[in-house]
Amino acid sequence: MTTRLILATAVATLASTTAVFAHATLANQPAKIGSYVAATLQVPHGCDGKATNEVQIKLPEGFISAKPMPKAGWEIEIIEGDYQNSYDNHGKAVKSGPVEIRFKNGELPDNFYDTFTVYGKIAAGDPAVGLAFPTVQLCGADAKVAWDQIAAPGQDPHDLDGPAPVLKLVAAEGGDAHGGHGAHGAHAGHGAPADQAAAGGHDAHGAHGDHAGHGDHMAANNPGGFETVSAGKLELTAGFTKAMLPGQPVGGGFITIANKGGEDDKLVSATSDKAGEVQLHEMAMEGDVMKMRQLTDGIAIPAGETVELKPGGLHLMFFKVSEPFKEGETVNVTLTFEKAGAVDVALPVGPARGN
């Protein structure tokens with residue numbers, strides 16, 4: 001016997017057809033201007049029965065230094081661009097960064113629900129309108145659902161066929177409703193321009209919590225304390241991970257591997273009793289686009305060379321972590337190499353935030 005609960009739906013326009021769908025929304029409660037937030041998009045369906053293979057999220061003006069949270073089975077494309085304004089981030093003027101995040105080449109069947117998370121700072125915004133995240137789902141080669149319509153001032157977003165997900169905002173303490181840590185230029189950092197305003201959030205549910213995302217592992221610092229490990233002709237040094245914040249589901253791991261022998265080797269897999277799955281990942285620029293991807297074929301360790309798994313490049317990804325990593329502890333990991341075999345290492349856990 002099959003039981004199905006039908007929730008409220010709205011009409012959405014497709015490239016190939018028109019059907020009735022539940023909206024794509026953000027799962028966050030109102031966020032404070034000037035805070036960091038893991039903006040979590042909820043995708044409740046595909047395209048008229050077809051599985052979703054790509055989710056494109058345009059980031060609003062005022063949402064800066066964005067970092068997507070990796071998803072097993074999906075590639076991530078980060079599109080960089082210039083902001084309309086310049087924003088102050090801890091004393092540094094930020095004028096450009098990610099403006100669109102694309103989760104690609106995945107498979108989300110129509111009868112399943114999933115979330116896609118982008119972590120960033122709300123440098124500016126207006127509590128009266130929130131921040132809109134126009135989103136498009138692509139399904140195969142010829143179908144899509146667009147959640148990219150932004151309500152005009154005073155318009156009810158429920159009247160739109162495909163309303164963009166909106167992050168509700170609350171003013172920063174101190175009474176500045178627009179500034180965050182402050183913006184540069186004439187009224188810089190007002191958030192989205194008037195034609196991008198949306199009246200409040202749209203069906204937001206639950207709290208995800210500030211700082212719950214993963215991407216900031218790129219700012220991790222090595223706390224030291226890793227004991228050098230040798231395996232055949234391989235020498236492993238500078239290993240570490242970082243503390244995880246409450247609710248953070250994934251973490252990053254880093255280590256330096258020197259091959260002092262005359263034969264190439266390869267890191268083919270990793271496991272840990274602290275995580276349900278450990279993947280090998282890479283972040284790299286392809287043209288003007290930063291891409292993150294899983295390295296299913298492993299990481300080559302050429303003879304006579306040293307390979308660094310480091311923030312912003314090659315790294316380990318810990319998924320389904322049983323308990324958040326705590327600063328001062330260690331995380332046991334087994335690295336398996338093609339020729340050197342399995343090697344056990346203990347990664348010291350550094351602070352949650354890098355400098």
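**Close-up views of a predicted all-strand chain**

**View 1. Strand S19 meets strand S24.** Strand S19 (residues 251-259) lines up antiparallel with S24, and 4 bridges hold the pairing; two strands count as paired if DSSP finds at least two bridges between them. Strands here are DSSP runs (E, at least two residues), helices are H or I runs of at least four, and both are numbered from the N terminus. One contact point to look for is Ala-258, whose bridge partner in S24 is Thr-306. Side chains alternate along strand S24 (residues 306-309): Val-307 and Leu-309 share one face and are buried, while Thr-306 and Glu-308 point to the other face and are not buried. Buried means under 20% relative accessible area, exposed means over 50%, and partly exposed is what lies in between (1.4 Å probe, protein chains only).

A word on the model before moving on: this is a predicted model, where local features need pLDDT of at least 70 and side-chain atom pairs count only at pLDDT 80 or more, while totals for chains, interfaces and linings use all residues. Residues are numbered from 1 along each chain as its sequence is written, and side-chain values use heavy atoms, with hydrogens and water left out.

**View 2. The chain as a whole.** The chain has 27 strands and 0 helices. Of its 355 residues, 50% are buried. About 15,800 Å² is exposed, with 48% of that supplied by carbon and sulfur atoms; the areas come from the Shrake-Rupley method with a 1.4 Å probe, and for residues only the protein chains shown count as cover. Take the contacts between residues at least 6 apart in sequence: 72% of them join residues at least 24 apart. A contact means heavy atoms within 4.5 Å.

**View 3. The disulfide between Cys-47 and Cys-139.** The structure holds 1 disulfide, a term used for cysteine sulfur atoms within 2.5 Å of each other. Here Cys-47 is joined to Cys-139, with an S to S distance of 2.0 Å. The link of Cys-47 and Cys-139 is right-handed, at 65° about the S-S bond. Cys-47 sits in the loop between strand S5 (36-43) and strand S6 (54-58), and Cys-139 sits in strand S12 (residues 135-139), so the pair ties together parts 92 residues apart in sequence. Cys-47 is buried at 2% relative accessibility, and Cys-139 is buried at 1%.

**View 4. Ile-299 and its neighbours.** Ile-299 belongs to strand S23 (residues 299-301) and is buried, at 4% relative accessibility. Leaving aside residues up to four places away in sequence, Ile-299 touches Asp-265, Lys-266, Leu-267, Leu-280, Val-307, Leu-309 and Leu-314. Lys-266 is 33 residues from Ile-299 along the chain, yet their C-alpha atoms are separated by 5.5 Å.

**View 5. Val-331 in strand S26.** Val-331 is part of strand S26 (residues 330-337) and is buried, with 2% relative accessible area. Not counting residues up to four places away in sequence, its contacts include Thr-241, Ser-272, Lys-274, Phe-318 and Val-349. Val-331 and Ala-275 are 56 residues apart in sequence, with 9.6 Å from C-alpha to C-alpha.

**View 6. An open four-strand sheet.** This open sheet of 4 strands runs in the order S3-S5-S10-S7, with antiparallel pairing. Strand S3 (25-26) and strand S7 (63-68) are the edges, each pairing on one side only. S3 and S5 run antiparallel and are joined by 2 bridges; Thr-25 has Gln-42 as its bridge partner in S5.
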